[in-house]
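Biologist: Could we go through this structure together, beginning with how its strands are arranged?

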Amino acid sequence: MKTKSNFLIYVFFVMISLTLVSCFESEPTDEEKSQVYNGHKKADNQFTVSNPDSATYYKLGDTLKVPLVFPMDVTVTGSPYLTISLGGTSRTATFVTPAVDSETIEFEYTVQASDLDLDGVDLPPSITLNGGSIVYRTEYDANTDLIDTSISNLRVDGIVPTVSSITAPTNGTYTYLQNIYLSLNFSENVYVNGVPRISFDLAGATKYFTYYQGNGTTTLDFVYQVQGGTYDNDGIVIGSTIDFNGGKGIRDIAGNILSTTISPPATGSVIVNGDAPVIQSVKAPTNKKYGIGNTLSFDVTFNEAVTVSGAPRIQLTVGAATLYADYASGTGTTKLTFDYTVSPGENDSDGIAVVSPLQLNLGSIKDAGGRDAILTFTAPNTQYVFVDGDVPLAPTFSAILPESPSNKTDPIIQGTTEAYATVRLYSDACSTLVATKTASSLGSFTFSLSGLSVGSYNYYGQVTDLAGNVSGCTAGPLNYVVYAMPSGIGWFQSTSSTNGVDLNLTTEYSLDWSTLSRFDYNYFSHSTTTNSEKIKVKVAGHYLLSLNLPLFDTGSGQRVGAEAKVYVNGAVLEEGVSSSSYIRFTSGHEESSGQLNIMLSNLSVNDEIEVKVEAISSITGQVNVLEAASLYLEYMKIGESLFYAKATDVTGGTDINVATNNELQWTAVLKDSASYAHSNVAAPETITFAASGDYMVYVNLPMTSAVQRASTKIRVYLNGSPISGAQGKQGYIRALDNHFNASAHWAGLITGVASTDVLTIKTEVAGEAGTVTVRAAKKATLLMRKVDTTENILALNGTTVEAGTNWNQSSNSAVQWSAQDVNDVTNYTHSTSVNNHEIQIETAGDYLVYYSNSLTSTAQRANVRSQIYVNGSPVSGAITSSNYIRAGSAHVESSALMMYYLKDLSVNDIVTMEIIKEAITGTVTADDNAKILFWYKPY
């Protein structure tokens, strides 16, 4: 049976049933009655308790009723009761329903203030009769035992929630539309019905904190928003009553209602000023980076006009430093301006911070009524307001392309600085502006110059970073020299290999062309700092290569030297090799030279040229470059009437050290048929001129032999007669200490060639007899080019020096040029009789010089050095010292060859070729003309 409070307790009493035999009508015996009616016989004669379907709460003052229903009418006498357990405390539920012949009797209990049972009420095992009775028909006692004694879903809570504490509003002054918060903390979770509120006194007016959150928790929050026109200078006073405001109050889960009385906290420092001036907004400076001397302005807007005295300020956090924006202007208006000026060393790369409140700094901010302004504000977003108080470094010039010096008049300057900085390029110490660029996000910048003329240029740099900070000027200038360079010519010098200064090594190393690099930028690419051993061509075609390699023995080995070989794209060429630098290192013979003049045919764009050197014998000892090695490259223009051929044999066979049948047999690689007639099959030793004129001829002969002191020379013949001075006799082979290789070279001008004239190159014995062959994997080469000698060329010859016929002088003596083959008087002045050793330059510029001599002697180990002098001073590296004469085993003659590029000669410069004794004292004379060729190369 369900009570009003939805708690059902069903109690079943033992129904007394008599087992009567239908045929008998007599009463049961007393024993049978006892067994049945006293409940000792059947289980269903006892009470049963059922739990309610859901948890049910009884709060303070609620009456808990326990109805018991019997299977038939019972009569109750006296005051029976039930002893119930609430949270371990025994309580008595008293009998309240007078029962006479009724099936239901009730017990009840009123919840007290201390009652608390949240896990179910426990019932006694039986009804306590307390001297009374419960009987059927007034004659049989009812069974008072209960089978179920726990009601788990019954909850009893007689404890009313209380306010355990109050969190008062934070002390301070609250201004217009600011919220004031008040919190009540309870002894247990509470539930709100309606919108309760708590009153407070605000300068005599009643205002309310209104509930806004916390339902179901132990804390309820209340809020009041300051309105205009309100003012309380001595603190608000909170009331002592909670106003349920038409709602049903604040209750716990059982429904116990909270008392409305509270103990208000002290709020004498909670000031309300709804009439004081307030800051409506603070406007930050524009998002960007600010540098030294830049001003960051902050606009502070109030809700009414204010008057400023003193020096209020706004606190800033710049990096880790506390700085201030000082009051600047705006008194008497609603907007005040505060300024902060960046000083050196102040930095903030992730955005400054603005700190509330505004600081009076012993000043004041008041409205017209004299009320102090409220100084708190919402800080503006300044995460992109950066401060850079560092002066940037001057820009770094990382490269100028091409490298200086160069003939390129539109170089590119590259460098680095701060990202996005403005870079200014000056032609002096940062006063004359040339150009301006903005650096990339990585700080790189590029200036493309143009229109430069020949001369030296100095460039300086200065940067302004994004914050406006200006660097100093670069400490030193970036120098760029523009030189004039004839079209298609390159000139390079070296003093060592990529491995160092010693060239007498068994491993090949490339000559390092970092000493001097002058070239036409349109035809060549080269760096003196990066891969300086390589020279790259930029125009496909044929190129003349002339090498001059003067060497000296440092004093550590006999029979030493170095040979040079040409490589293209890492592959060695078969076009000859320079192996003429044998140094005996006795009798004072410490110097020698290597020469090579070949054509690099059919080069492609970006082909790379290298010259590699290695020892010519097995003797160890250091061999260094004498002053400077030189390399001349010239693009062979289309229409130059070229002939280029290679050879390995002579008409008599492979032995080139013979007296007859010794013409080299040429296989043409390149032939201009308009100027030459030649067959690779029929008489390949002859080249017939198809056009009359003057021709430059370059011959190289690499050789090898096991014959001691063998030497094979080359000689140029025209129509069967030797051409004066056209001999190459540097090919001395000692055939000891693995010195089995040598080479012979000649280059010079042949003039007055007639059509149908026939040219041959003979090899002749110049030392011991015996077999000498062209070196394996190498080939002799012959290059001819038709030359217009009507301009630019001076060709001279002679056999004596100033000191006489002996070329082996102990002091300098200039070669006397007693005969002229060609003289362009526009560019040269020369006399064959007066000061005939002097060549005067009449046109400023560059001159290519080829020199050769042919000498003989009986002085053992004699050698002559020849060197170009300009205005009495030696030209570094313009040396040849390959005139070594053993004067034994029939080796009594030798020759020298030199190519050199005289750059930047001036008008009236005097050029001489000076000779001097290099080895043993003795007489050395010319057995053929010495020749010198000057070839002016106009820009």
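Modeller: One term is needed beforehand: two strands pair if DSSP finds at least two bridges between them. Please keep in mind that this is a predicted model.

Biologist: How many bridges join S13 to strand S22?

Modeller: Four bridges join S13 to S22, which covers residues 270-273, and the two strands run parallel. One of the bridge partners in S22 is Asn 273, which is matched with Thr 175.

Biologist: In what order do the strands of that open sheet lie?

Modeller: The order is S13-S22-S19, and the pairing is mixed. Strand S13 (172-175) and strand S19 (231-232) each have a single partner strand, so one side of each is left without a neighbour in the sheet.

Biologist: What about the open sheet that contains S24, S33 and S30: what sort of pairing does it have?

Modeller: Its pairing is mixed, with three strands in the order S24-S33-S30. S24 pairs with strand S33 (residues 385-388) in the parallel sense over three bridges, whereas S30 and S33 run antiparallel and are joined by two bridges.

Biologist: Which residues face each other there?

Modeller: Lys 289 has Phe 386 in S33 as its bridge partner, and Tyr 290 has Val 387. Val 387 also stands opposite Asp 348.

Biologist: And why is one side of S24 and of S30 left without a neighbour?

Modeller: Strand S24 (288-290) and strand S30 (347-348) stand at the edges with a single partner strand each, so one side of each has no neighbour in the sheet.

Biologist: Changing topic, which residues have the most contacts inside the largest nonpolar core?

Modeller: They are Leu 600, Ile 868, Leu 902 and Phe 934, in a core of 92 residues. A second, separate core has 36 residues, including Val 650, Ile 656, Trp 666 and Ala 780.

Biologist: What does Leu 902 touch?

Modeller: Leaving aside residues up to four places away in sequence, Leu 902 touches Ile 868 and Phe 934, among others. Its other contacts include Gly 845, Asp 846, Tyr 847 and Val 911.

Biologist: Now the pockets. What volume does the largest pocket have?

Modeller: Its volume is about 340 Å³. Of the 17 lining residues, the closest to the centre are Glu 634, Lys 637, Asn 792, Trp 935 and Lys 937.

Biologist: Which elements give two or more residues to that lining?

Modeller: Strand S64 (780-787) and strand S76 (924-937) do.

Biologist: How does the lining divide by residue character?

Modeller: The lining of the largest pocket has eight charged, seven nonpolar and two polar residues.

Terms used
Residues numbered from 1 in each chain as written. Predicted model: local features only at pLDDT ≥ 70, side-chain atom pairs only at ≥ 80, totals over all residues. Heavy atoms only, no water. Core = buried A, V, L, I, M, F, W, Y, C linked by side-chain atoms within 4.5 Å. Buried < 20%, exposed > 50% of the residue type's maximum accessible area, 1.4 Å probe, protein only. Contact = heavy atoms within 4.5 Å. 1 Å grid on protein atoms, 1.4 Å probe; cavity = no way out; pocket = protein on both sides within 12 Å on 5 of 7 lines; lining within 4 Å. Points joined across faces, edges and corners; volume = space filled by probe spheres on them. Nonpolar A, V, L, I, M, F, W, Y, C, P; charged D, E, K, R; others polar.
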